[in-house]
Each structure stands twice: as structure tokens, then as C-alpha cells.
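Me: Please take a close look at a single part of this protein for me. Start with the whole, then zoom in, and keep the sentences short.

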Amino acid sequence: MRDELPFVLMRGGTSKGVFLRADDVPGDRDRLTRVLLDLFGSPDRRQIDGLGGADKLTSKAAIIGRPARADTDIGYLFGQVGTVRAEVDYQLNCGNLIAAVGLYAIEEGLIAAHEGSTLVRVHNVNTDRVVHVQVPVQGGKPLWRGDLAIAGVPGTGAPISLDFSRALGAITGRLLPTGNAMDVIDVEGLGPVELSVVDGANLAIYVQPGVLRMTGLETPDEIDADAGLRSRIDAIRKAVAYRCGLRGYWDARQAPSTPMLLVVGAPADYRSCTQGDPVAAADLDLVLRQYASGSASKALAGTLAATTGLACRLPGTVPQRLLAMARGNPDRRLAFGHPSGIIHVQAQVRSRPGAAPTIDRLVVQRTARRLAQGRAFLKEAFQRGA
């Protein structure tokens with residue numbers, strides 16, 4: 001039995017997570033959940049008695065282990081640790097943290113560094129999907145200093161490229177879970193709702209702002225403060241979850257993480273919720289607001305940025321129709337506005353009538369760095385590997 005854990009604290013994109021070795025923690029999910037709640041100081045909105053960051057973007061765990069697939073280099077189990085609820089959600093992938101997974105794997109000597117750029121093939125255990133991570137390397141060590149600025153993170157860092165083209169159908173196994181690019185679903189309290197459901201690197205629901213009586217430019221705090229709006233959002237999420245075969249998962253949790261809802265609108269001017277910087281409509285293709293796990297997000301998830309880039313290339317979806325109306329749809333890098341600023345996605349998709357689309361490239365660039373390392377002390381002893 002042990003009551004301490006070696007850990008590394010890392011930022012990946014706009015997320016921050018506690019990195020643990022799979023060999024150091026219980027393999028059983030229920031026991032692992034108890035260890036993570038203890039480690040993070042949950043449930044507690046401040047997480048004052050643990051390593052949690054008191055926000056869903058900073059209350060995340062990455063369990064790193066040996067690869068279980070021959071086409072990968074590393075295994076990565078993601079845990080979204082609840083702040084006010086005693087639960088850890090293993091249903092989804094965190095794309096932002098994957099940038100840190102690539103960096104961690106090289107820094108820890110889990111894979112060899114190759115000068116210039118090293119490919120780390122990450123197997124996300126949660127979704128059984130693979131993400132290719134390109135990490136810049138100089139002098140045999142991964143770079144974290146660089147010139148890339150990403151919205152929601154002060155300063156700059158070295159660009160780490162995440163290719164999600166092999167990570168599609170992450171939750172349901174189907175790119176279009178309903179079989180359609182666009183659906184009209186009857187939602188309790190709202191009536192017929194026009195929406196698109198796309199299961200790319202994460203399961204996303206796309207609706208226009210008017211469906212929810214929004215402008216589409218609300219801040220996360222404004223969304224969270226409006227109980228009626230949150231109720232309407234969750235009614236749509238529940239209806240889609242049931243339609244996609246996720247009834248058991250949805251009903252078992254107080255704040256389910258998936259499907260995630262994205263309010264998608266045409267470009268508009270606004271200010272970021274983090275630094276107050278102006279975001280110009282002229283620099284955007286679409287504006288998005290993301291909601292899941294009981295609250296709105298201050299940034300767009302990396303998996304959802306990639307999924308939205310893909311959705312923009314699928315004829316007939318809500319994002320594709322808005323994109324076509326706004327600025328056309330050439331094969332170019334896309335710019336999405338989120339509460340903290342702008343994120344860019346390179347999505348190259350070939351669509352043919354009567355055939356499944358071919359996804360050649362689905363890339364988001366992030367930065368990452370190691371923040372701290374040491375030993376964490378737990379309140380309760382546990383047995384590793386059990």
C-alpha cells in the first residue's frame with residue numbers, strides 16, 4: 001500500500017493536467033477514480049486540498065502507459081476530474097493535452113528523439129483512436145520555447161502539430177451518427193430543432209444561436225449564469241445522446257461530458273474573455289461557443305476544433321452551410337473564434353457522392369511545456385496495479 005505518487009504537471013494547449021504513469025496507479029477504473037479524486041482534492045469547487053486547478057480546463061489527468069497497439073508509441077488514458085462532483089469521466093479524449101503527451105513521452109525517454117522533428121503516435125485509450133503528434137526537437141531534446149502564440153495562453157511556445165485524421169468516430173464509431181449531415185430532432189421544451197451531429201475527434205452537436213435564443217457572442221460566465229439557457233442546451237444534448245445510443249452513459253452522470261454542444265455563428269467582432277483583446281470578424285470563418293459537463297468552456301477543445309474543421313468540409317452540415325454563406329469554402333486553413341480568441345485548423349477532406357469522405361489531413365497546432373514535477377501525498381493509501 002502507498003499514499004504518495006510521482007507526478008508531472010504539464011500544460012498542453014489551453015489545458016493543464018497532472019501526468020501519472022500507468023504502472024503507478026490502480027488499473028481498475030473505480031479504484032483509479034478514488035485515487036484521482038483524492039489527488040485533485042475533489043469534490044470541491046476550489047480543489048483547495050489537492051492538485052486540481054478549480055476549472056474543468058485545469059482539472060485533468062493523463063495516465064501514460066505502454067502502447068497496446070502496434071501502430072502507436074504510447075498509451076494515453078484521459079480523465080476529466082470533477083470539481084464539484086465526485087466523478088471522473090473517461091468517456092472522451094482531451095486533444096489539447098495530447099500536445100503535452102508528445103512532449104512528455106520524449107522528455108521521459110519513453111521514445112527516442114529524432115533531430116528536427118519527432119513523430120509520437122499516441123493511442124488515446126478512452127476512444128481507441130490514434131493521434132499523430134509532431135514535436136520539434138533540437139540537440140536531442142524537445143523544444144518548448146518558440147514563436148507560436150495560441151489564444152488563451154500568455155506568451156509563445158514551440159509549435160506542436162496534432163493530426164486527428166486517424167481519430168474519427170471517437171465516441172460512436174460513426175462519422176455521422178444519425179446518418180445525416182443535418183437533422184431536425186424534437187427536443188423537450190424546444191420542439192423541432194435543426195442541428196448537425198458529427199463524431200470526429202469528439203462527438204459534437206452544432207446548432208445556430210437562434211435555436212437557443214442566443215446571440216452566439218455570450219461569454220462563458222454569461223452562459224453559466226443563465227439557468228434557462230443551460231437547461232435548453234442540456235435538453236438538446238440529452239435528446240442527441242439518446243439518439244446516438246448513449247442513454248446509459250448520460251443517465252449515469254450528473255454532468256456528462258458528451259455529446260458536446262457547439263453554438264456556431266457567422267463571423268462577428270467581440271473581445272476575448274481572458275485578456276479582453278479584440279477579436280475581429282474579418283479574421284474569422286466562424287464563431288463558436290462550447291458547452292459540456294455542466295458549464296461553458298473558456299476555450300475551444302482541440303478535439304472539437306478538429307471536428308469543426310472536418311464538419312466545415314462535409315456538405316450539408318450547419319458549419320458547412322454557414323461557412324459557405326460567410327466566406328466560401330476553399331481548401332484553406334480555417335479560423336474559428338472562441339471565447340479566448342482564435343484557433344486555426346487545417347482540414348483537407350475529399351467528398352464524393354455516394355462514398356464516405358476521405359480525410360487527408362486534420363491538423364491543429366498547439367504549444368506545451370512541463371510546469372512542475374515531484375511527489376504528491378494522498379489522504380488515503382492505495383494499491384497500485386490493482
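Reply: **From the whole chain to one residue**

With 386 residues, a compact globule would have a radius of gyration near 21 Å. The protein chain has 20 Å, so the two agree. This is a predicted model. Along the principal axes, the C-alpha atoms of the chain fill a box of roughly 55 × 45 × 45 Å.

Now look at what the chain is built from. It holds seven helices and 21 strands. Of its 386 residues, 55% are buried. Consider next the contacts with a separation of 6 or more: 65% of them join residues 24 or more positions apart. The accessible surface of the chain is about 15700 Å². Carbon and sulfur atoms own 47% of that surface. As for charge, there are 45 positive and 39 negative side chains. The centres of these two sets lie 2 Å apart.

Here is the close look. I choose Val120, which lies in strand E6 (116-124). Is Val120 buried or exposed? Val120 is buried, because its relative accessibility is 0%, and the cut-off for buried is under 20%.

What does Val120 touch, once residues up to four places away in sequence are left out? Asp73 and Ile74 are among its partners. Gly102, Ala105, Ile106 and Ile111 also touch Val120. So do Val131, His132, Val133 and Val135. The last four fall in strand E7, which spans 129-138. There is also a distance to find in the picture: the C-alpha atoms of Val120 and Val101 are 8.7 Å apart. Along the chain, these two valines are 19 residues apart.

Follow the chain onward from E6. In the loop between E6 and E7 sits Asp128. Its phi is near 55°, a positive value in a residue other than glycine. Most residues other than glycine have a negative phi. Asp128 is partly exposed, because its relative accessible area is 39%, between the cut-offs of 20% and 50%.

Compare a second residue with a positive phi. Gln47 is not a glycine, yet its phi is about 50°. Gln47 sits in the loop between H1 and E3. At 2% relative accessibility, Gln47 is buried.

The loop that holds Gln47 has another feature. Pro43 is found there too, between helix H1 (29-40) and strand E3 (60-65). A cis peptide bond joins Ser42 to Pro43, with omega about 0°. Most peptide bonds are trans. Another cis bond links Thr258 and Pro259, again with omega about 0°. Pro259 lies in the loop between helix H5 (247-252) and strand E13 (260-265).

Last, the cysteines. How many disulfides does a search of the whole structure find? The search finds zero. Take Cys94, which is in no disulfide. The nearest cysteine sulfur belongs to Cys273, 17 Å away. Cys94 is buried, at 5% relative accessibility. Cys312 is buried as well, at 0%. Its sulfur is 19 Å from the closest cysteine sulfur, in Cys244, so the gap is too far for a bond. A disulfide needs the two sulfurs within 2.5 Å.

To return to the chosen part: Val120 is a buried residue in strand E6, and its contacts include Val131 and Val133.

Technical notes:
Residues are numbered from 1 along each chain as its sequence is written. This is a predicted model: local features need pLDDT of at least 70, side-chain atom pairs count only at pLDDT 80 or more; totals for chains, interfaces and linings use all residues. Side-chain values use heavy atoms; hydrogens and water are left out. Buried means under 20% relative accessible area, exposed over 50%, partly exposed in between (1.4 Å probe, protein chains only). Helices (H or I, at least four residues) and strands (E, at least two) are DSSP runs, numbered from the N terminus. The radius of gyration is taken over C-alpha atoms; the globule rule is 2.2 Å times the number of residues to the power 0.38. Contact means heavy atoms within 4.5 Å. Accessible areas come from the Shrake-Rupley method with a 1.4 Å probe; for residues, only the protein chains shown count as cover. Lys and Arg count as positive and Asp and Glu as negative; His and the chain ends are not counted. The place of a charge is taken as NZ of Lys, CZ of Arg, CG of Asp or CD of Glu.
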